[in-house]
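User: I am new to reading protein models and would like to know how the words used for them are justified. Could you take me through a few of them?

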Amino acid sequence: MKYITFTIPCYNSENYMRRCVDSLLVGGEDVEILIIDDGSSDRTGAIADEYEMLYPNIVKAVHKPNGGHGSGVNRGLELAHGLYYKVVDSDDWFDRDAYLKMLDKIKSFEVAQFPDLIICNYVYDHLDEGIQKPMNYRNVFPTEKMCNWNTIGHFHPSQYLIMHALMFQTKVLRQSGVKLPEHTFYVDNLFSYQPLPYAKNLYYMDIDLYHYYLGREDQSVNEKVLMKRIDQQINVTELVAKSVDLREVKKMYPKLAVYMMRNISIMLSISSIHLLLIKTEEAFQKRKRMWEQVKDYDRILYYRLRCSTLSGLTYLPGRLGGKITVGGYRIARKIYQFQ
């Protein structure tokens, strides 16, 4: 039985993908590793083939035309045979001890007791600078106890469920219908949002499993890169906001509905701040239109976001409001080391 399918979307990743793949091979034949070569022009494809040849019962090399990170995630989900599905970016890696502990825990569950969603800590890893910032959820989920969205605690302002922290059952992802757009960055936000209401049973392990590498100048989370791709960030924010009916979620899981609205708020905040950083009239107007689109789609959601969440503070009126917003962002980035 394959307990986990790992998908590694790779595009011109020859310089760092081995670290990622090697960290996952520790799971042996209990796992399946799909290396998705997304139309690379370097040796990524050859390296993927090499791993498949060396570990034929674990690794599968998948070659496809370039479609972007989202298309790699989609393709992996189509091919997955594992009970759980986990995306690992090609420049990231797993902690060995935490990985083995998680795998042992999964294998210890009775068939009828497998949680729909397993949550673990992740680490912002500025590897080149020797700086690490672990992110945990001890205040939100009970440790190594089955729970659900109605029995969780409250998220701190710096906490949200990014893809690196989540591992859904494969069938849950398929049931949710999540499909990421191609040739678009920031699609991880949709993957870590749309399936949440479909996860009935949750299980949190307080282990620093996923190392999220920060430092490459071409990374999508790099501030300058994000500013260049701001239209894609805005597009994904809109897709996230429309992917789930929060009124329906609130009927079953009020706490989850609060978190999901907050997640939209965070995405709006990121877009608002980076549009302000661009410092052009065009960007200022895009920021205005972005909020107007939310209002057109759901007026109740719009007023809640404006009046009761963080995003409202990033849409303060006038140029002075913009300066206050950017100043707060700079302080937060320094504290939390997220870029």
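**One helix and its sides**

Analyst: In helix α11, the buried residues are Ala283, Lys286, Arg287, Met290, Trp291 and Val294, where buried means under 20% relative accessible area and exposed over 50%, with a 1.4 Å probe and protein chains only. They lie on the same side of α11 because they cover an arc of only 130° around the axis, the arc being that of the directions from the helix axis to the C-beta atoms. The face turned away from this buried side carries the exposed residues Glu282 and Asp296. This is a predicted model, in which local features need pLDDT of at least 70 and side-chain atom pairs count only at pLDDT 80 or more, while totals for chains, interfaces and linings use all residues. Residues are numbered from 1 along each chain as its sequence is written, and side-chain values use heavy atoms, with hydrogens and water left out.

User: What makes the reach of α11 close to the one expected?

Analyst: The expected span is 1.5 Å times one less than the number of residues. Helix α11 has 17 residues (281-297), for which 24 Å is expected, and its first and last C-alpha are 25 Å apart, so the two values are close.

User: Why are β4 and β9 called paired strands?

Analyst: Two strands pair if DSSP finds at least two bridges between them. Strands β4 (residues 84-87) and β9 (residues 166-169) have two bridges, in the antiparallel sense, and therefore meet that condition. In one of these strands, β9, glutamine 169 is the bridge partner of tyrosine 84.

How values were computed:
Helix = DSSP H or I, 4+ residues; strand = E, 2+ residues; numbered from the N terminus.
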